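Q: Got a minute to go through a model with me? I'll put it up here.

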Amino acid sequence: MDINFQGKRILVTGAGQGIGKELVLRLSKYNAEVIALSKTRENLNKLLVEDPKIITVCVDLKDWNATRKSIENVLPIDLLVNNAGVARLSPFLDATPEEFDLLFNVNVKAIMNVSQVVAKNMIKRNVAGSIVNISSQASKAALKDHAVYCSSKGAVDMLTKTMALELGPHNIRVNAVNPTVVLTEMGKLGWSDKDKASSMLSKIPLGRFAETDEVVDAIVYLLSDRSSMINGVTLPIDGGFLAT
């Protein structure tokens, strides 16, 4: 498909590394004006070395008011990817309120915060838009030691559907992608143990984890006009994990 984001301003959160970093570089190649948000200035500086055209925003999404101000300062936004997320893994019986608050603040509450600012401005300008939230296969299948993480991603899925319901009449589409393990640098480190990896791989019919580009491809499609009738979906990118 010929996808071109000429004239579009796209905000990507969690853009300093991993999927977010590869996504902003791809979107810039597709002629978008890209705004990369991260809490780590060092990562943003490295990103600028690779593509000086990218606009950077450094803010901690856990700070509600600072986040709103930072987003308001870079409006208007035409397309949004809520990619930022954190993971803390522990057995259910050992999970702490601090872990719960951290994961829900970053993985769920920040999506609501950023999306409220962006969507209100879209509505004010009377423009169509697309929002993509990054969820996980962990929203749909229980994983050992992932009680809080699975719960936060389950909340992302339902928030996505509710946003789609309420923003759809304003011609703003909202969808989520739900990847399996993705072989980012962090993913490679986290799943380098062969025994740990084999238990997950045995449940994936394709027999492998996802490459970063395979997730980026799906996000780009959902942002583009090529997916103009797709709204409120949670799209697994899991090699068939959820089919087994």
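A: Sure, let's take the helix packing, then the core, then a loop residue.

A: It's a predicted model, with local features needing pLDDT of at least 70, side-chain atom pairs counting only at pLDDT 80 or more, and totals for chains, interfaces and linings using all residues. Residues are numbered from 1 along each chain as its sequence is written, and side-chain values use heavy atoms, with hydrogens and water left out.

Q: OK, at what angle do α1 and α8 pack?

A: About 55°, with axes 10 Å apart; the axes are lines fitted to C-alpha atoms over the stretch in contact, and angles run from 0 to 180 degrees between N-to-C directions. Helices here are DSSP runs (H or I, at least four residues), numbered from the N terminus.

Q: And which residues of α1 make the contact?

A: G18, I19, E22, L23, R26 and L27, where contact means heavy atoms within 4.5 Å.

Q: What does I219 touch?

A: Leaving aside neighbours within four places in sequence, I219 is in contact with I19, L23, V81, V132, I134 and V177.

Q: Switching topic, where is E211?

A: In the loop between α7 (194-201) and α8 (212-223).

Q: Is E211 buried, exposed or partly exposed?

A: E211 counts as partly exposed because its relative accessibility is 40%; buried is under 20% relative accessible area, exposed is over 50%, and partly exposed is in between (1.4 Å probe, protein chains only).

Q: What does E211 touch further along the sequence?

A: Not counting residues up to four places away in sequence, E211 touches V182 and L183. E211 and V181 are 8.8 Å apart, C-alpha to C-alpha, and 30 residues apart in sequence.

Terms used
Helices (H or I, at least four residues) and strands (E, at least two) are DSSP runs, numbered from the N terminus.
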